[in-house]
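Work through the exercises below with the model open. Try each task before you read its solution.

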Amino acid sequence: MTLQTSQPLTSDSLGVLNRQMIVILDFGSQYSELIARRIRETQVYSEVISYRTSAEQLRQLNPKGIILSGGPNSVYDKGAPKCDPEIWQLGIPILGVCYGMQLMVQQLGGEVARAKRAEYGKASLFIDDPTDLLTNVENGTTMWMSHGDSCHKLPEGFEILAHTENTPCAAIAHHSKKLYGVQFHPEVVHSIGGQALIRNFVYHICDCEPTWTTAAFVEESIREIRAKVGDKRVLLALSGGVDSSTLAFLLHKAIGDQLTCMFIDQGFMRKYEPERLLKLFSEQFHIPVEYVNARDRFLNQLSGITDPEEKRRRIGHEFIQVFEEESRRLGPFDYLAQGTLYPDVIESADTNVDPQTGERVAVKIKSHHNVGGLPKDLRFKLVEPLRKLFKDEVRKLGRAVGLPEEIVQRHPFPGPGLAIRIIGEITAERLEILRDADLIVRQEINRQGMYSELWQAFAVLLPIRSVGVMGDRRTYAYPIVLRFVKSEDGMTADWARVPYDLLETISTRIVNEVSGVNRVVYDITSKPPGTIEWE
């Protein structure tokens with residue numbers, strides 16, 4: 001399991017966390033959440049919190065260790081984020097990663113300056129001291145670098161643990177104070193010896209025990225849900241995906257009949273999915289679902305709208321409006337439950353806003369309908385037990401609460417649905433074209449037995465037309481983009497190298513069977529630089 005939040009600590013979070021834990025101070029790195037993820041893979045609790053967290057708050061949290069994340073700044077930049085310098089006096093083991101290491105060096109009296117040669121990508125790590133942090137890390141192993149600055153002078157008491165061809169101080173330590181720094185990113189998959197280093201820090205330096213498990217998360221979540229909700233009623237936004245379905249099972253375990261599931265058919269679902277959802281939940285799960293047909297309302301809201309952020313905002317706003325109206329019909333509800341995940345929060349960048357300048361440490365990528373799209377005057381209180389989880393962790397949780405495997409393995413599907421897989425304006429005609437194309441994609445992926453190998457596989461409709469020829473006649477029709485990717489958590493992704501025969505079959509079927517399409521193309525862009533979805 002992996003839980004984290006980059007929001008500043010609150011009294012609630014301080015009161016809940018009474019176990020062994022490692023905290024990550026977030027300086028805006030795109031990899032901050034991956035650090036927590038790697039720690040959770042050692043079955044030790046971890047949480048990402050704001051770099052502004054004070055030493056006193058950290059003392060109250062009583063973590064077994066602290067990690068300073070990387071970040072986009074240089075430590076000598078004007079306004080560069082800094083941590084409370086008192087943390088060095090806490091007596092808690094600290095590991096600085098990239099920017100975190102440079103900040104450690106600077107605050108403790110060393111020097112950081114522009115490197116003679118920047119270092120990006122893979123680099124061989126040559127170990128000078130194979131003990132402590134680098135125990136069982138193979139000499140010459142590959143680590144992932146991403147820095148233009150370097151440590152030119154170490155603080156008093158520090159020594160070099162490892163170097164690379166371009167970086168003399170690739171890993172450093174003050175052994176007696178248990179302060180460590182690495183210039184590379186051990187958390188990314190490209191760092192071959194990275195997980196061994198993280199395990200050394202967690203187990204041997206911080207003396208943690210592997211006690212954090214899926215079962216522990218279920219138990220604590222149920223306890224927290226009951227404490228928060230009390231005897232109040234909860235309305236769940238059910239979509240039929242793994243996120244909301246897992247949440248439905250978890251909430252039902254926690255509060256039983258206090259939960260009401262509602263499925264709002266906004267008209268952007270895939271073909272046959274609304275019918276399948278209602279049948280599965282009512283007949284197989286025995287969890288009643290209130291069905292609301294709001295297709296016309298949502299389509300009217302998006303009439304003439306082409307900007308993707310505006311689409312998300314309007315969908316989110318209408319979503320809440322429908323919920324409020326239907327909740328009055330069904331009876332008063334105090335809480336709205338949502339299957340918001342951590343990548344949604346990260347990409348919406350609603351956290352780590354500097355209180356002095358108002359500037360974000362992280363860069364906003366896109367708003368998610370259940371994060372950036374919520375109105376400020378929301379009548380419901382939110383219940384989001386999955387907010388700190390990655391997709392693969394939700395799947396583990398789903399299995400733990402008894403979710404059928406066919407739903408556990410379901411590909412991620414965005415809350416706005418097909419509305420963000422049609423580029424430009426949404427029309428009933430375009431929706432029908434995309435539904436038919438998407439169905440063919442899913443059918444052929446399943447027929448080839450490749451569904452479980454892919455993170456996502458879907459179709460995108462472009463708002464342009466191109467010339468074609470069909471049956472000796474000129475056509476002027478839409479193109480369909482196929483987007484197949486592989487990923488571990490959705491934060492990064494690579495385009496899938498699927499067999500050409502499969503692409504050919506899908507292309508032939510779409511062109512022959514879907515009216516209004518005369519061209520099929522394949523997206524071979526990874527994330528980054530692209531995103532998985534097109535909008």
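**Exercise 1. Helix 5**

Which residues are buried in helix 5?

Solution. Start with the ground rules. This is a predicted model, where local features need pLDDT of at least 70, side-chain atom pairs count only at pLDDT 80 or more, and totals for chains, interfaces and linings use all residues. Residues are numbered from 1 along each chain as its sequence is written, and side-chain values use heavy atoms, with hydrogens and water left out.

Step 1. Fix the terms. Buried means under 20% relative accessible area, exposed over 50%, and partly exposed in between, with a 1.4 Å probe and protein chains only. Helices (H or I, at least four residues) and strands (E, at least two) are DSSP runs, numbered from the N terminus.

Step 2. Read off the residues. G194, L197, I198, N200, F201, V202, Y203 and I205 are buried in helix 5.

Step 3. Find their partners. A contact means heavy atoms within 4.5 Å. The buried residues of helix 5 pack against strand 1 (21–26), helix 2 (32–40), strand 3 (65–68), strand 4, strand 7 (142–153) and strand 10.

Step 4. Check the length. The expected span is 1.5 Å times one less than the number of residues. For the 12 residues of helix 5 that gives 16 Å; the end C-alpha atoms are 15 Å apart, which agrees.

Step 5. Look past the end. D207 follows helix 5, and its phi is positive, near 60 degrees.

**Exercise 2. Confidence**

Determine where the model should not be read in detail.

Solution. Step 1. pLDDT is the predictor's confidence in each residue, from 0 to 100. The protein chain has a mean pLDDT of 86, and 90% of its residues reach 70 or more.

Step 2. Compare elements. Helix 1 (residues 11–16) has the lowest mean pLDDT, 34, and strand 16 (residues 456–461) the highest, 98.

Step 3. Mark the weak stretches. The pLDDT is below 50 over residues 1–18, a stretch with 63 contacts beyond near neighbours in sequence. Residues 349–374 are also below 50, with 76 such contacts in the model. Where pLDDT is low, the predicted coordinates should not be read in detail.

**Exercise 3. The annotated active site**

Locate the "active site" positions and describe the surroundings of C98 and E187.

Solution. Step 1. An unreviewed UniProt entry places this feature at C98, H185 and E187. UniProt positions are given in the numbering used here, feature names are shortened, and annotations may be inferred rather than shown by experiment.

Step 2. Judge the spread. The positions span 90 residues of sequence, yet they cluster in space, with a largest C-alpha distance of 11.3 Å.

Step 3. Take C98. It lies in the loop between strand 4 (94–97) and helix 4 (99–107). C98 is buried, at 6% relative accessible area. Leaving out residues up to four places away in sequence, C98 touches G70, S146, H147, V182, Q183, F184 and H185.

Step 4. Take E187. Its loop runs between strand 10 (179–182) and helix 5. E187 is buried too, at 2% relative accessibility. With residues up to four places away left out, E187 touches Y31, L34, I35, R38, V97 and I198.

**Exercise 4. The annotated binding site**

Describe the setting of G240 and G241.

Solution. Step 1. For "binding site", the unreviewed UniProt entry lists S239, G240, G241, V242, D243, S244 and S245.

Step 2. Place the glycines. G240 is in the loop between strand 11 (234–237) and helix 7 (242–255). G241 is found in the loop between strand 11 and helix 7.

Step 3. Check burial. G240 is buried at 3% relative accessible area, and G241 is buried at 5%.

Step 4. List contacts, not counting residues up to four places away in sequence. G240 touches S245, L277, I407 and R410. G241 touches I407 and R410.

**Exercise 5. Aromatic pairs**

How many aromatic pairs are there?

Solution. Step 1. Rings of Phe, Tyr and Trp (its six-membered ring) pair if their centres lie within 6.5 Å; planes under 30 degrees apart count as stacked, over 60 as edge-to-face and the rest as tilted. By this rule the count is 9 aromatic pairs.

Step 2. Take Y45 and W212. This pair is edge-to-face, 5.2 Å centre to centre, with 90 degrees between the planes. Y45 lies in strand 2 (residues 45–50) and W212 in the loop between helix 5 (194–205) and helix 6 (214–229), so the pair ties together parts 167 residues apart in sequence.
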